[in-house]
Amino acid sequence: MDAIVVKGGARLVGEVEICGAKNAALPLIASAILAPGRSIFKNVPLLRDVATMGQVLRHLGADVVGDRCLEVDTSSLAEVDAPYDLVRTMRASVLVLGPLLARFGRARVSLPGGCAIGARPIDQHLKGLEAMGATIELSEGYVEARCKKLHGAQITCDVQTVTGTMNLMMAAALARGRTTIENAACEPEVEDLACVINKMGGKVTGAGTSVVHIEGVDELQPVEHAIIPDRIEAGTFMVAAAITGGDVLIKNCLPEHLHAAIHKLEQAGAQVTPAAGGVRVVGATHFSPFEITTQPHPGFPTDMQAQFMVLATVADGQSTLIETIFENRFMHVPELCRMNAAIKVRGRTAVVRGRRALSGTTVMASDLRASAALILAGLIAEKGITRVRRVYHLDRGYERIEDKLSKLGATIERVKEA
Ligand code: EPU
């Protein structure tokens, strides 16, 4: 197994190129099921989760070739079954449920179960599909969904769910009549999926707002599409630049997808300015403390909470971070405390006492964004070496982060562990 080893103290300077968004790539690859033929996706990030989605599609009988430019041919799908062994490695495999049901009238997908950051039920996906006429049975750990032909429906989600909204949009794209999803997720990745469905010949309006309308069509055509940049990877490098007092041009990034995070960075004292094809972030030597409450987009993203907690450890005072999306997303806290951070968690609130000199040690990554936060902490540790173990979490969502940080001047390497 690999570990990432970081020696702190370097100021990050230079340019970094952001990859395509993981959380857009996954639904887009699943959406190819809707359109028999060869769809081509460009700007695909080379990540473990994307490889897993490729495996899921291959298991269903699709021809999946390429990497950065990925061709997915779903002409001869033979299966409608996403088994436990694949779904357990990646919850987002559940994104094949909507498109399989819409195209074949049947899908059997393993229930994803909980994960490290929370219980993460899929009741809203299932409720919406039932409203469109599907019969859903839960049996032996699987969702078995059937229908003759899905029909349009008026769906109000009880919570804003990103993959739930996506599953319902894909199902509705081939349903008979008009579907309206109220309290829909507004994330940029939902908009990218709507863009692809529309390129396929679908009729989706309102994506990116909380009310999405989908007019079903009889058939969809394969597409060619370049995936939007990964706003969370970009945000992670922004924090890295800020806390190291650096000066980094973050290329291939859309600042309009990151307003909430940029606003907090500026409030804390970093300079963020638009630059050709991205943004430039200049760090500071002193940061003001801040308050963050995670919210669905356009609020502050839960996927940036752990990284901002590292910024809070060096701010001049007490910061508060409230996690409202997932019930267990503070698992980086004990590890940061082992690096000398002063953080107290009560329920969903973490209070961080700043102005701490972090020190490196061996830490365990518990999930994807926690891994990134531990690396950021390693970059500013004033003594010692930080060794981040269980890097397989990191590899799910960051492409070669150690190479990118190293090019910016960080002392960081990936090592093999026994
Ligand atoms: N929820 C329900 N019922 C549902 C669906 C969701 O109660 O049927 C709850 C969840 O338990 C959670 C909240 O609604 O409390 C929001 O969950 P959501 O469904 O939006 O999350 P997701 O779609 O499973 C995506 C991203 C996550 C990101 C969240 C929130 C993908 C593949 N994953 O997950 O990304 O944190 O939205 O923005 O798009 C990551 O990249 O590290 C990551 C975890």
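1. A cavity is a set of grid points where a 1.4 Å probe fits but cannot get out, and its lining residues have an atom within 4 Å of a point. In that sense, the second largest cavity of this predicted model is lined by Thr236, Phe237, Ala240, Ala372, Ile375, Leu376, Ile401 and Leu405. Two or more of the lining residues come from each of H8, helix H12 (368–380) and helix H14 (401–407).

2. The volume of the second largest cavity is about 30 Å³. Sorted by class, its lining comprises seven nonpolar residues and one polar residue, with no charged ones. Thr236 is the polar member, since Thr is not among the types that count as nonpolar or charged.

3. Two cavities of 30 Å³ or more are found in the structure. The largest cavity encloses about 50 Å³ of space. Its lining is made up of Ala21, Lys22, Asn23, Glu189, Asp230, Arg231, Ile232, Asp303 and Arg369. By class, that is six charged, two nonpolar and one polar residue.

4. Where does the largest cavity lie with respect to domain 1 and domain 2? Residues from both domain 1 (2–19 + 229–416) and domain 2 (22–226) contribute to the lining, so the largest cavity lies between them. As for secondary structure, helix H1 (22–31) and helix H8 (231–243) each provide at least two of the lining residues. Helix H8 also contributes two or more residues to the lining of the second largest cavity.

5. Apart from the cavities, there are pockets to consider. The second largest pocket has a volume of about 340 Å³. Its lining consists of 20 residues, and those nearest the centre of the pocket are Ile243, Thr285, Val314, Ile380 and Glu382. The class count for this lining is 10 nonpolar, five polar and five charged residues.

6. On the overall fold, the protein chain contains 14 helices and 24 strands. Its radius of gyration is 21 Å, close to the 22 Å from the globule rule for 418 residues, so the chain is as compact as a globular protein of that length. The C-alpha trace spans about 65 × 45 × 40 Å along its principal axes.

7. Burial and contact range describe the chain further. Of the 418 residues, 59% count as buried. Among contacts with a separation of 6 or more, 74% are between residues 24 or more positions apart.

8. Is His257 buried or exposed? His257 has a relative accessible area of 15% and is buried, because the cut-off for buried is under 20%. His257 sits in the loop between strand E15 (247–251) and helix H9 (259–268). With neighbours within four places in sequence set aside, the contacts of His257 are Pro188, Ile228, Arg231 and His297. Of these contacts, Arg231 is also one of the residues lining the largest cavity.

9. Arg400 is placed in the loop between helix H13 (392–395) and H14. Its relative accessibility is 39%, and Arg400 therefore counts as partly exposed, a class that falls between the 20% and 50% cut-offs. Arg400 and Leu321 are 79 residues apart along the chain, and their C-alpha atoms are 28 Å apart.

Definitions and conventions:
Residues are numbered from 1 along each chain as its sequence is written. This is a predicted model: local features need pLDDT of at least 70, side-chain atom pairs count only at pLDDT 80 or more; totals for chains, interfaces and linings use all residues. Side-chain values use heavy atoms; hydrogens and water are left out. On a 1 Å grid over the protein atoms alone, a cavity is a set of points where a 1.4 Å probe fits but cannot get out, and a pocket is an open set with protein on both sides within 12 Å along at least five of seven lines; lining residues have an atom within 4 Å of a point. Grid points are joined across faces, edges and corners, and a volume is the space filled by probe spheres set on the points. Helices (H or I, at least four residues) and strands (E, at least two) are DSSP runs, numbered from the N terminus. Domain bounds come from an automatic or database domain assignment. The radius of gyration is taken over C-alpha atoms; the globule rule is 2.2 Å times the number of residues to the power 0.38. Buried means under 20% relative accessible area, exposed over 50%, partly exposed in between (1.4 Å probe, protein chains only). Contact means heavy atoms within 4.5 Å.
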